Amino acid sequence: QVQLVESGGGLVQAGGSLRLSCAASGSIFRRKDMGWYRKAPGKQREMVASITRGGSTNYADSVEGRFTISRDNAKNTVYLQMNSLKPEDTAVYYCAGGVLSGATMLGSWGQGTQVTVSS
């Protein structure tokens with residue numbers, strides 16, 4: 001199991017940027033697929049972006065071209081750079097790590113960090 005702690009959420013105006021970080025401990029980070037998910041009020045949780053142990057990335061259509069996922073295996077950290085933020089990006093963002101099966105992460109989850117985008 002890997003323990004995950006997110007940081008970097010907050011309140012930002014539309015068009016602004018935020019960078020989320022997820023620090024991992026307790027397991028061999030480099031062997032884990034990692035992902036960012038979000039859940040907005042009244043909506044189901046959705047995958048935002050993922051990065052495999054090999055470095056392949058995948059994005060939801062709604063964030064393609066605006067968000068970038070990356071990982072630093074030396075620091076056991078995965079990042080989500082979010083640019084051109086929109087009010088509809090408002091959600092609790094969760095980091096997840098383990099084995100990626102389609103859009104589903106089988107493994108560990110962080111506690112979430114709130115991102116609020118004002119119009």
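Where along the chain does Ser84 lie? Ser84 sits in the loop between E8 and E9, and we will come back to this residue once the rest of the fold is in place. One thing to keep in mind as you look around: this is a predicted model.

Let's begin with the overall architecture. The protein contains 0 helices and 11 strands, so if you trace the elements from the N terminus on, you read β-β-β-β-β-β-β-β-β-β-β. Along its principal axes, the C-alpha trace spans about 40 × 25 × 25 Å. How does the radius of gyration relate to that of a compact globule? For 119 residues, such a globule would come out near 14 Å, and the protein has 13 Å, which agrees.

Next, consider how the chain packs against itself. Take the contacts between residues at least 6 apart in sequence: 56% of them join residues at least 24 apart. As for burial, 42% of the 119 residues count as buried. Turning to the outside, the accessible surface comes to about 6,000 Å², and carbon and sulfur atoms account for 47% of that area. The charged side chains number 13 positive and 8 negative, and the centres of these two sets lie 7 Å apart.

Now for the covalent cross-link. A search of the whole structure turns up 1 disulfide. Its partners are Cys22 and Cys95, whose sulfur atoms are 2.1 Å apart. This pair ties together distant parts of the chain: Cys22 belongs to strand E3 (residues 18-25) and Cys95 to strand E9 (residues 91-101), with the two positions 73 residues apart in sequence numbering. In general terms, a disulfide is a covalent bond between the sulfur atoms of two cysteines. Why is this one called left-handed? The torsion about the S-S bond of Cys22 and Cys95 is about -80°, and therefore the disulfide is left-handed.

Are the two cysteines buried or exposed? Buried means under 20% relative accessible area. Cys22 has 0% relative accessibility, so Cys22 counts as buried. Cys95 also has 0%, so Cys95 counts as buried too.

From strand E9 we can move on to strand E10 (residues 104-109), where Gly107 is found. With a relative accessible area of 45%, Gly107 is partly exposed. What does Gly107 touch, once its neighbours within four places in sequence are left aside? The contacts are Gln1, Gly97 and Gly98. You can also follow the backbone here: the C-alpha atoms of Gly107 and Ala96 are separated by 7.1 Å, while the two residues stand 11 apart along the chain.

Finally, let's look at two backbone torsions in the loops. Most residues other than glycine have a negative phi. Asn76 has a phi near 55°, a positive value in a residue other than glycine. This asparagine, Asn76, lies in the loop between strand E7 (67-72) and strand E8 (77-82). At 26% relative accessibility, Asn76 counts as partly exposed.

That brings us back to Ser84, in the loop between E8 and E9. Phi of Ser84 is near 50°, again a positive value in a residue other than glycine. How accessible is Ser84? Its relative accessible area is 41%, so Ser84 is partly exposed.

Terms used:
Residues numbered from 1 in each chain as written. Predicted model: local features only at pLDDT ≥ 70, side-chain atom pairs only at ≥ 80, totals over all residues. Heavy atoms only, no water. Disulfide = S-S within 2.5 Å. Helix = DSSP H or I, 4+ residues; strand = E, 2+ residues; numbered from the N terminus. Buried < 20%, exposed > 50% of the residue type's maximum accessible area, 1.4 Å probe, protein only. Rg over C-alpha atoms; globule rule 2.2 N^0.38 Å. Contact = heavy atoms within 4.5 Å. Areas by Shrake-Rupley, 256 points an atom, 1.4 Å probe, with all protein chains shown as cover. Lys, Arg positive; Asp, Glu negative; His and termini not counted. Charge placed at Lys NZ, Arg CZ, Asp CG, Glu CD.
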